[in-house]
Amino acid sequence: MFKLKKIAIFTLVMALGVSMCGCNSKSNKDSKSKDDNSKNASLEEGEMMISINSDLTILLTMKDSFDEAYYDIDELESMVDTELSKFNSTLASDPLVGITKESVESDGGNSIIKLKFENYFDLNAYYANYINKKKTFTMFVGSYDESVNAGITINSTIYNNDEEKAAMNLEEIPTSGYVIFYINSGETVEFADTIVGVSESVTVSGNQVTTTNGVDNYVILQPANVTANTDETESVDMETTVTDTTTVAQ
């Protein structure tokens, strides 16, 4: 996870605290499901989490201090809307989609802001312009062909995410239908799809990984519509081929 540095949203919240001193208004947005509370509890104040959905859209969850005695959650949400509108009109790869607001809520003295990114281009642009302008942040998620076009090359050993942890045969990736995830920053990232392989710099815990800052981190994902090749599948294919050949010979 990375610490929030220079996000305009939270700068605006601090300014809001001066003008809204003494206000204590709440909204029905404060109520959340137990599942949401559980996920948010894993974040510390000033941290973020990246979630990669099966359709490769991205959910960014940000948590920061929020004192309801001074800050109004509806006013914060309005500021978020303004910021996203500006980003989508000037920086988004597609102004019609770009970033959308999933939710803005308060939770135990913290604000929880969730933003949905249509693609990794927009997350990279948002990080560079709103989070930390001094840090080179690069993230990619997509197919092998898309990784080639983006200049992402796997330059380290990928280990299977199983008990044996053997090195993965990288030659199978171009035709496997696997999805490649890359990031050069130390973060916690969760995936909707199955994690089949990771580089040595990546630690796996269930459907989440922790990456290492300042190095190339890779995660290989198996989408739900992609079936991994197995020895059993290969033997069936060979048997079918032999049968077909015999029939033609007769």
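Asn124 touches Phe137, Thr138 and Met139, leaving aside residues up to four places away in sequence. This comes from a predicted model, and Asn124 sits there in helix 4, which covers residues 120-131. With a relative accessibility of 16%, Asn124 falls under the 20% cut-off and so counts as buried. Its side chain does some polar work too: the side chain of Asn124 reaches the backbone nitrogen of Met139 at 3.0 Å.

Zooming out for a moment, the chain holds seven helices and twelve strands. Of its 250 residues, 43% count as buried. Contacts tend to be between residues well separated in sequence: taking pairs at least 6 apart, 67% of the contacts join residues at least 24 apart.

Now to the sheet. Five of the strands make up an open sheet, lined up in the order 5-7-12-9-6, with antiparallel pairing. Strand 5 (139-142) and strand 6 (158-160) are the edge strands, each pairing on one side only. From one strand to the next, the twist averages 25 degrees. In general, the strands of a sheet pair through backbone hydrogen bonds, and the arrangement can be parallel or antiparallel. Here, strand 7 (residues 179-183) and strand 12 (residues 217-222) run antiparallel and are joined by five bridges. Within this pair, Tyr182 stands opposite Tyr218 of strand 12.

Val141 belongs to strand 5, one of the two edge strands. Val141 is nonetheless buried, with a relative accessible area of 5%. Its contacts, again leaving out residues up to four places away in sequence, are with Ile52, Leu56, Tyr120, Val179, Ile180 and Phe181. Ile52 is a nice example of a partner from elsewhere in the chain: Val141 and Ile52 are 89 residues apart in sequence, yet their C-alpha atoms are separated by 8.4 Å.

Moving past the end of strand 7, Ser185 lies in the loop that leads to strand 8 (188-191). Loop or not, Ser185 is buried, and its relative accessible area is 0%. The residues touching Ser185, apart from those up to four places away in sequence, are Lys135, Phe137, Thr211, Thr212, Asn213, Gly214 and Asn217. Phe137 therefore turns up twice, as it is also among the contacts of Asn124. Closer by in sequence, the side chain of Ser185 makes a polar contact of 2.3 Å with the side chain of Glu187.

Helix 3 (residues 73-90) rounds out the picture. At 1.5 Å a residue, its 18 residues should span 26 Å, and the end C-alpha atoms are indeed 26 Å apart, so the two figures agree. The buried residues of helix 3 are Ile73, Leu76, Glu77, Met79, Val80, Glu83, Leu84, Phe87 and Asn88. These cover an arc of only 165 degrees around the axis, which means that they share one side of helix 3. The spacing fits a familiar rule: an α-helix has 3.6 residues a turn, so residues three or four places apart point the same way. On the other side of helix 3, Thr82, Lys86, Ser89 and Thr90 are exposed. The N-terminal end of helix 3 is capped by Asp72, with a side-chain oxygen 2.8 Å from the backbone nitrogen of Asp74.

Terms used
Residues numbered from 1 in each chain as written. Predicted model: local features only at pLDDT ≥ 70, side-chain atom pairs only at ≥ 80, totals over all residues. Heavy atoms only, no water. Pairing = 2+ DSSP bridges. Helix = DSSP H or I, 4+ residues; strand = E, 2+ residues; numbered from the N terminus. Axes fitted to C-alpha atoms, helices over the stretch in contact; angles between N-to-C directions. Buried < 20%, exposed > 50% of the residue type's maximum accessible area, 1.4 Å probe, protein only. Contact = heavy atoms within 4.5 Å. Polar contact = N/O pair within 3.5 Å; in protein donor to acceptor, adjacent residues only side chain to side chain. Expected span 1.5 Å × (residues − 1). Arc of directions from axis to C-beta.
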